[in-house]
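Welcome! Here are some short exercises on aromatic rings, each with a worked solution. Take a look at the structure before you start.

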Amino acid sequence: MIPGSFSYHSPATVEEAVGLLAELGDDARPLAGGHSLLPMMKLRLAPLEHLVDLRKIDALKGIKDEGGTLVIGAMTTQAELLASDVIAGQCPIIQETAALIADPQVRYVGTLGGNVANGDPANDMPGLMQCLDASYQLTGKGGSREVKARDFYEGAFFTALQEGEILTAVKVPVPPAGHGYAYEKLKRKIGDYATAAAAVVLTLAGGSCKSASIALTNVGETPLYAAEASAALVGSSLDKAAVDQAVSLAGAITAPASAGRGPTHYRTKMAGVMLRRAIQRAHERAAG
Amino acid sequence: MSDAAQKTDGEKIEDREANLKGIGCSRKRTEDARFIQGKGNYVDDVKLPGMLFGDFVRSPYGHARIKSIDTSKALAVPGVKAVLTAADLKPLSLHYMPTLAGDVQAVLAEEKVLFQNQEVAFVVAEDRYIAADAAELVEVDYEELPVLVDPFKSMEPDAPLLREDIKDKTEGAHGARKHYNHIFTWEVGEKEETDAAFDKAEVTIKELISYQRVHPSPMETCASVASMDKIKGELTVYGTFQAPHVVRTVTSLLSGIPEHKIHVIAPDIGGGFGNKVGVYPGYVCSIVASIVLGVPVKWVEDRMENLSATAFARDYHMTAELAATKDGKITGLRAHVLADHGAFDACADPTKWPAGFFNICTGSYDIPTAHVAVDGVYTNKAPGGVAYRCSFRVTEASYMIERAMDILAKKLGMDPVELRLKNFIQPQQFPYQSALGWEYDSGDYPTAMKKAMEKTHYDALRAEQKEKREAFARGETRELMGIGVAFFTEIVGAGPTRNCDILGVGMFDSCEIRIHPTGAAIARLGTKSQGQGHETTYAQILATEIGISADDIMIEEGDTDTAPYGLGTYGSRSTPVAGAAAARVGRKIRDKAKKIAAHLLEVGEDDLEFEVDRFKVKGLPEKQKTMKEVAWAAYNNLPEGMEPGLEAVDYYDPPNMTYPFGAYICVIDIDADTGVSMIRKFYALDDCGTRINPMIIEGQVHGGLTEAFGIAMGQEIYYDEGGNVMGASLMDYFVPTAVETPEWETDFTVTPSPHHPIGAKGVGESPNVGGVSAFSNAVNDAFAHLDVTHIQMPHDHWRTWKVCEKLGLTG
């Protein structure tokens, strides 16, 4: 549990950071909260020669409401998300999810940007960001671009991030007032990743479902946006038949690995149970 | 209150008793002042000038031949001082070391590796980082061999041969070997009588009850610092040793260094639970490296090494059978155990007991005849087989009988409590001779069981369960309610030297005390606390026996130069054995003090009576001498011919084990859709005889129950078919946090041990022994109305859900 030797860099600006990453190439990795990267280094599973620490870059911090879009700096910690009045007022599902990540000590250090950029399908925020249809701002030497969370994840630990790019901000469209939401996570104990988890945001109009968005965590190589399952709810009264249909469609896109949290069959079923519970809670919370 | 009960200065006897802080007082733990301020002194805190660090190269394979080892690249790294391999140890005959179980264990693998993460080479460098970097550069060429992980396949005719070093040995340490992967067969009881009882039984049950491989996982991992002084020819070893004196003796026998020139020191230990009883390759390698290099060498395990390479527990596969009459009187017990010992038999039991005290498996019941056979076998897994917070193989035995009782109750259609009450050993039967050879010292089982039923409103719980089952059938709830009942009898305090020894050293224990002129004292014992609170409780025993305040008595353990020889702390033996020595040493002091007091008061000894902290002249209560006054006199005013000083030592060889017992009841609600279990209630009644410090007892019970919860509900060291150890990190290995841990309700009865000087029996391990059965019985009980006889542990979410799915209960 002792990492190999590496050089440490602590740039003060985004420009400096991307410059370093471009210069150092493959052997460098950006460091956010470090709760994924440092264990990998200690296990010597992530050999690297240069660590580019982003913690001193002020521009990567902060939560802003830019008229219908929340712009969250990549280095915002989970604890800061939990303490934010803006998040509480505009998009409380982010807090519900953040509170289920690891434990308080990890949440003081772990960041939203690190959580979504690492490409670990076990992380909670990637699925949530797909559910919320968030975009990631990616910045490299040549400038910035935006990629939707739903397009960002290519495989376990493979993402749309190009060499030399860092994820600088997460942009979340504020869900409509009166929306219902829930993040349901099954885990073995505090600090564990999900056996399966489901994020649901929906709106109602006249008692029927006007819009719905569903995403699943840790039941595939990537977080899974369940487009067909979401569509199955729209227009329904969220009755048993519609929910059964959504659960069935969501289950069909899962492919969890057999692991200590349980065999594939169980984890697929649990994705369904979590989804069913999340829909029910979101329904109860929705206005209209 | 009479005048005689008042001290001359007006201090009341109650105040003097309170000031004593003796037996029965919930005295705060004296050791906690340093622990909670981060000022403990653990092995990793030991830093010696010029100290080097060792790190292991470990096998990535479960079974492979070592074709070559090339250390040249590692040796070329600046700061690397040595790389030890089996080739370096072999000329010293240290490439293998003897185990406590009569086998040998590889220190560094010679021709083969036999389990994943086995020690292959030891890199010694100036710091930990260099050692870890260089370990990666040691090139080992392996040829993979077929892997054997299933103990049920160990003795098949074409099973892979694991132990080439002993393949021709037909006689093991405990009798004939039936197969090259067989270690021992251990039999106890009357086979023919037992078979006859089964032949004529009205009702029988038979079930394979497995207890999975788990690990004690103490917070502090294993570690050592060895320092060889070549000028003096003296070796000092600091280490995580539950039994430091035994380590000194073994080190002397292995190294040839005279025992008086070896100083073994166990400083503060951060939990042991059996993990720190054995001797590990890391200890040996740090010692050899220090002897070779002449400077101190430190070795500290990391968490994954701890979980995967040092001392697992359990891995017992027990086929239990009970014979009974149709009205529920048990007439016989028959059991066969397949014991998976891994690659070497490094089981930590008294030497003559290859399956520990598994023959306590008749439990708390008056079973007239029984027979047990245990077969130990080798597999490609880490060695160990330690008693994880229990006496030797007692949790396994208790789990087997307690599951079997529930299975029998179900078959008979009886309530599990009713069956237990019907078969308990009755209070008047003590001392009780069990069918498998033990003499139970004392107990009152029916009283404990009935108290547990009353306190938990057992009948109301059963009524609620019936309603909930009906509601579940109607679709009104998704929860299954289980009520787990467990009654256990521990066997602790090993033990009488006539039948208990470690490598030939009898399992006595010891206490030595020196009372200083001012009446303060230092006492040293042969045991070693790992968190049990010895510094607090031993002082309480001595305070009551001698009559000086516990606050004035310093307790010291762990330094073999100063402490009297003892066999260490495990198997709840500290209070039953060393605690008895403490009581007796106190009585020796009091005997001498009485003579001094008689001299000072100018009366005969028979004219004196002892009261709390002083001697008084009978009938003349104003004529008295406190122990403090006597202590001063011991250094300047003694009876003619008496040696000065006030010191004593006692070596205690217990006449028998002690038999703590208890009744536990657990109420659990299982979510049928996810398999998640919620512990709604857990009631634990413990009877550990005389209670020395009720607060510490409660803390011990909380800790033991929490570990039992971890074991029953999730812990498992699992090997896949390729011999890869799974779950060897705290991500997967279930160590419960405060969030998962249920709330505990503790209770007690007091049935003193008749043969222990103060009647105490030991308690630290009882909650693990009884707790595992209670949790598992609760999960099983949730399904008892359905077609399920036995569900294997651990009862984690997916395994429980699978039972629900099989029964068609999932949504």
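Buried means under 20% relative accessible area, exposed over 50%, and partly exposed in between (1.4 Å probe, protein chains only). This is a predicted model, where local features need pLDDT (the predictor's confidence in each residue, from 0 to 100) of at least 70, and side-chain atom pairs count only at pLDDT 80 or more, while totals for chains, interfaces and linings use all residues. Residues are numbered from 1 along each chain as its sequence is written, chains are lettered from A and ligands numbered from 1 in the order in which they are written, and side-chain values use heavy atoms, without hydrogens and water.

**Exercise 1.** Classify the ring pair of B:Phe610 and B:Phe615, and say how accessible each residue is.

*Solution.* Start with the rule: rings of Phe, Tyr and Trp (its six-membered ring) pair if their centres lie within 6.5 Å; planes under 30 degrees apart count as stacked, over 60 as edge-to-face and the rest as tilted. Here the centres are 5.2 Å apart and the planes stand at 65°, so the pair is edge-to-face. Next, B:Phe610 has 24% relative accessibility and is therefore partly exposed, whereas B:Phe615, at 1%, is buried.

**Exercise 2.** Which residue lies over the face of B:Phe610?

*Solution.* Look for a charge over the ring: NZ of Lys or CZ of Arg within 6 Å of the ring centre and within 35 degrees of the ring normal. B:Arg590 fits, at 3.9 Å from the ring centre.

**Exercise 3.** Are B:Tyr440 and B:Tyr659 buried or exposed?

*Solution.* B:Tyr440 has a relative accessible area of 0%, so it is buried. B:Tyr659 also has 0% and is buried.
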